[in-house]
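The report below takes up a few local features of one chain, moving from helix surroundings to a helix pair and then to single residues.

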Amino acid sequence: MLSWWIMLRRQKVKRTALLGVLLSSLLLQGCWDEINLEDVSYISSLGIDFKEGHYEVYAQMIKFGLIAKTESIQPDPNPVWIGKGKGDSILLAFNDLTKAGQAILSLEHLKSVIVQERAMTHMEDIMDGLNRQRASRYTSILFGTKSPIEDLFTTDTFFDQSPLNSIMYMPSPLNVQRSFIRPHALQLAVQSLNEPAMTTTVPSLSANKDYWKRKKQPLKIQFIDGVFVYREFRYIGFMTEPEAEGLRWINPEFEHFLFGVKVNDGTATVTVTSSKAKINASFKDGVPHFMLAVRMAGDMAEMQVGMKQSQIETEMAAKTQRQLLETYRKGLAKGMDVFGLEHHLYRYHNAYWKQHCKGKNWMPKEGQLQFKTTFQLIHSGNFELNSDT
């Protein structure tokens with residue numbers, strides 16, 4: 001009797017286990033939503049403009065086979081397709097573009113977003129619209145531009161390489177060779193724009209024909225020519241690279257820059273390989289005063305005779321300080337807190353910021369910021385410097 005009961009019990013357990021397996025199999029994902037690659041058009045870059053009260057969305061598409069082959073030579077020197085849609089919002093403009101898409105338009109391989117200056121005042125709506133696209137990626141790089149977006153989407157590349165081998169998609173090589181302002185990924189840009197009292201700089205990308213030619217014909221090459229400046233989501237204005245060159249030395253991702261200085265009626269060329277900046281604030285009679293300290297280091301690249309190491313280091317520090325001061329002055333003239341002094345108060349002196357700055361469009365005065373710059377020459381290379389004694 002006991003063995004018969006045990007046998008029934010085992011059969012019941014088996015049936016229960018089998019039923020559990022069958023029910024759990026219903027939760028497994030299958031290939032019911034599989035899409036063939038030939039049925040999808042992948043957008044690699046998105047341009048956003050604002051004209052006559054509505055948005056214009058530009059889409060650049062590149063052959064899917066080139067996505068992973070940025071260095072391969074192409075039989076077509078400009079293998080791109082450009083689409084344009086209009087609407088009262090970002091989503092409606094993108095939906096307008098899909099009407100003539102011929103295939104599913106996908107943002108799953110979106111690598112860059114370019115905002116035209118006319119749309120800069122609508123950055124909050126732009127970010128919100130991109131975020132509502134399920135497939136859009138916050139790893140995409142953000143640029144601004146004064147140029148027509150179609151000009152940027154039809155720029156040339158060297159050696160007929162893939163359009164992906166350009167600043168729009170790969171800014172790192174330029175930053176390694178000539179650091180200025182490295183663009184943010186959308187995720188970091190949104191964090192910065194949402195941060196109270198934060199100054200955000202967006203690199204300006206243009207199409208330049210002044211530097212390169214091929215068969216005596218000018219090449220249209222992508223070129224960073226300045227920065228667009230925001231305070232939170234409020235667009236402040238534009239600074240050219242010469243106006244904003246002091247921002248180079250406070251760039252936390254600084255890597256390399258070739259710098260020339262005059263010493264004893266001669267010129268020394270120095271490769272700056274490191275630049276570290278730090279801001280401190282002190283208070284006098286209830287007024288904040290700031291010190292921006294910049295420490296740089298580098299190596300000798302070119303030198304004329306009759307120069308001392310101390311002279312080169314002193315002149316490098318002095319020239320950098322002049323650039324920082326000029327950028328600060330030009331920023332103040334345009335209503336820009338370019339070095340983020342108010343955010344420093346918010347971050348490290350919050351009680352003062354709440355009482356004196358919050359909601360009051362606080363701006364520093366010229367005399368409230370002092371600079372301290374130092375430069376250390378690490379290697380003189382094969383050049384022989386005069387003795388300092």
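In this predicted model, the buried residues of helix α9 are covered by surroundings that include the strands β10 (221-231), β13 (266-284), β14 (287-302) and β15 (369-379), together with the helices α8 and α10 (350-356). The residues of α9 (residues 341-348) that are buried are Leu341, Glu342, His343, His344 and Leu345.

Helix α8, one of the elements that cover the buried residues of α9, consists of 25 residues and spans 37 Å from its first C-alpha to its last, which is close to the 36 Å expected at 1.5 Å a residue. Its buried residues are Ile312, Glu313, Met316, Ala317, Thr320, Gln323, Leu324, Thr327, Tyr328, Gly331 and Leu332. Just after α8, Gly335 adopts a positive phi of about 75°.

Ile312 lies in α8, which covers residues 309-333, and with a relative accessible area of 0% Ile312 counts as buried, because the cut-off for that class is under 20%. Lys111, by contrast in setting, sits in the loop between β4 (104-106) and β5 (112-116); its relative accessibility of 26% places Lys111 among the partly exposed residues. For each of these two residues, the table gives a C-alpha separation from a residue elsewhere along the chain.

| Residue pair | Separation along the chain | C-alpha separation |
|---|---|---|
| Ile312 and Thr267 | 45 residues | 9.6 Å |
| Lys111 and Ser45 | 66 residues | 5.8 Å |

A helix pair can be considered in similar detail. Two packed helices are described by the angle between their axes and by the distance between those axes. For helix α3 (residues 123-131) and helix α6 (residues 186-194), the axes come within 12 Å and cross at roughly 135°. The two helices are therefore oblique to each other, since an angle of roughly 135° is neither over 145 degrees, as roughly antiparallel would require, nor within the 65 to 115 degrees that count as roughly perpendicular. The crossing of α3 and α6 is left-handed.

Which residues meet where α3 and α6 are in contact? From α3 these are Met123, Met127 and Leu130, and from α6 they are Leu186, Val190 and Leu193. Sorted by class, this contact of α3 with α6 holds six nonpolar residues, with no polar and no charged residues.

Conventions. Residues numbered from 1 in each chain as written. Predicted model: local features only at pLDDT ≥ 70, side-chain atom pairs only at ≥ 80, totals over all residues. Heavy atoms only, no water. Axes fitted to C-alpha atoms, helices over the stretch in contact; angles between N-to-C directions. Helix = DSSP H or I, 4+ residues; strand = E, 2+ residues; numbered from the N terminus. Parallel < 35°, antiparallel > 145°, perpendicular 65-115°, else oblique. Left-handed = near helix turned anticlockwise from the far one by under 90°. Contact = heavy atoms within 4.5 Å. Nonpolar A, V, L, I, M, F, W, Y, C, P; charged D, E, K, R; others polar. Buried < 20%, exposed > 50% of the residue type's maximum accessible area, 1.4 Å probe, protein only. Expected span 1.5 Å × (residues − 1).
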